[in-house]
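Grab a pencil and open the model in your viewer. Try each exercise before you read its solution.

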Amino acid sequence: MSAAPYEELNLGGAVGDDPAAVLANRERAARALGLDPAQVVWMNQVHGRDVAVVDGPWGDVSEIPAVDAVVTTRRGLPLAVLTADCTPVLLADPVAGIAAAAHAGRPGLVAGVVPAVVEAMIGLGAEPSRIIARTGPAVCGRCYEVPSRMRAEVAESVPASWSETSWGTPAVDVTAGVHAQLEALGVQDRRASAVCTLESGDHFSYRRDRTTGRLAGYVWLD
Ligand SMILES: [Zn+2]
């Protein structure tokens with residue numbers, strides 16, 4: 001329902017798009033997934049490492065906490081993470097009945113949102129060896145150009161994030177860093193989307209377009 005430059009299925013509520021269009025898009029997306037739009041748990045993402053444990057949707061927008069990860073043990077409760085180049089991280093321990101969603105951009109990677117959310121899951125009874133981890137479309141390590149000093153700083157805390165663009169300049173691979181952090185925590189069942197948001201015309205990319213929409217990753221326990 002969104003008009004340019006947010007066309008068409010923008011799910012982000014804080015990017016300048018018409019709120020009615022965002023609401024309609026969120027309803028369409030939820031219904032397409034077989035979900036109740038009113039149940040979807042959104043976050044007020046701030047590139048930090050705070051985690052909220054949730055057992056229901058927020059009452060209204062003012063109640064949404066500034067967190068970059070949410071965890072639930074509630075079956076049927078969908079958790080959503082908004083991105084446009086950052087790495088959406090979806091996690092579940094189906095045996096323990098725990099699901100989580102996290103937003104990992106470059107600052108969140110360094111801040112440790114991924115270890116924080118896995119630790120929160122473990123605190124609720126998850127076992128890393130049972131956790132299934134999926135990362136969604138994100139800007140790839142061959143496209144995410146950064147200053148040399150920034151690459152060094154990020155790689156100092158997460159060495160696997162060190163990368164180089166396809167044109168030979170310093171870069172950061174956030175998704176590789178996320179997977180290295182998950183691997184170090186004992187999460188073995190991991191897969192990453194092959195889609196690079198910056199290269200794909202079907203995906204929102206902040207670095208490509210600046211003023212643009214957000215895509216969402218959803219996770220829930222059946
Ligand atoms: Zn790319």
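Below are four exercises, each with a worked solution.

A word on the model before you start: it is predicted, so local features need pLDDT of at least 70, side-chain atom pairs count only at pLDDT 80 or more, and totals for chains, interfaces and linings use all residues. Residues are numbered from 1 along each chain as its sequence is written, and side-chain values use heavy atoms, with hydrogens and water left out.

**Exercise 1. Work out the strand order of the open sheet and find which helices pack on it.**

Step 1: Lay out the strands. Strands here are DSSP E runs of at least two residues, helices are H or I runs of at least four, and both are numbered from the N terminus. Two strands pair if DSSP finds at least two bridges between them. You should get 6 strands in the order S1-S2-S5-S4-S6-S9, with mixed pairing.

Step 2: Find the edges. S1 (51-53) and S9 (189-192) each pair on one side only. On average, neighbouring strands in this sheet are turned by 15° against each other, direction ignored.

Step 3: Zoom in on one pairing. S2 (residues 69-72) and S5 (residues 98-104) run antiparallel and are joined by 4 bridges. Val70 has Ala101 in S5 as its bridge partner.

Step 4: Add the helices. Contact means heavy atoms within 4.5 Å; axes are lines fitted to C-alpha atoms (for helices, over the stretch in contact), with angles from 0 to 180 degrees between N-to-C directions. H3 (residues 113-123) touches S1, S2, S4 (87-93) and S5, and its direction makes about 170° with that of S5. H5 (residues 174-184) touches S4, S5, S6 (132-135) and S9, at about 180° to the direction of S9.

**Exercise 2. Track down the aromatic pair and say what it ties together.**

Step 1: Apply the ring test. Rings of Phe, Tyr and Trp (its six-membered ring) pair if their centres lie within 6.5 Å; planes under 30 degrees apart are stacked, over 60 edge-to-face, and the rest tilted. The structure holds 1 such pair: Trp42 and Tyr218, edge-to-face, at 6.0 Å centre to centre and 70° between the planes.

Step 2: Place the partners. Trp42 sits in the loop between H1 (19-32) and S1, and Tyr218 in S10 (residues 215-219), so the pair links parts 176 residues apart in sequence.

Step 3: Check burial (buried is under 20% relative accessible area, exposed over 50%, partly exposed in between, with a 1.4 Å probe and protein chains only). Trp42 is buried at 9%, and Tyr218 is buried at 13%.

Step 4: Look for a charge over a ring, meaning NZ of Lys or CZ of Arg within 6 Å of the ring centre and within 35 degrees of the ring normal. Arg26 lies over the face of Trp42, 3.8 Å from the ring centre. Elsewhere, Arg151 does likewise over Trp162, at 3.7 Å.

**Exercise 3. Describe how S10 is covered and what it pairs with.**

Step 1: Count the burial: 5 of the 5 residues in S10 are buried. Leu215, Gly217 and Val219 point one way, Ala216 and Tyr218 the other.

Step 2: Find the partner. S3 (residues 79-83) runs antiparallel to S10, joined by 5 bridges, and Val81 stands opposite Gly217.

**Exercise 4. Why does Cys86 form no disulfide?**

Step 1: Use the cut-off: a disulfide is a pair of cysteine sulfur atoms within 2.5 Å. The structure holds 0 of them.

Step 2: Check the distance. The closest cysteine sulfur to that of Cys86 belongs to Cys196 and is 13 Å away, too far for a bond. Cys86 is also buried, at 18% relative accessibility.
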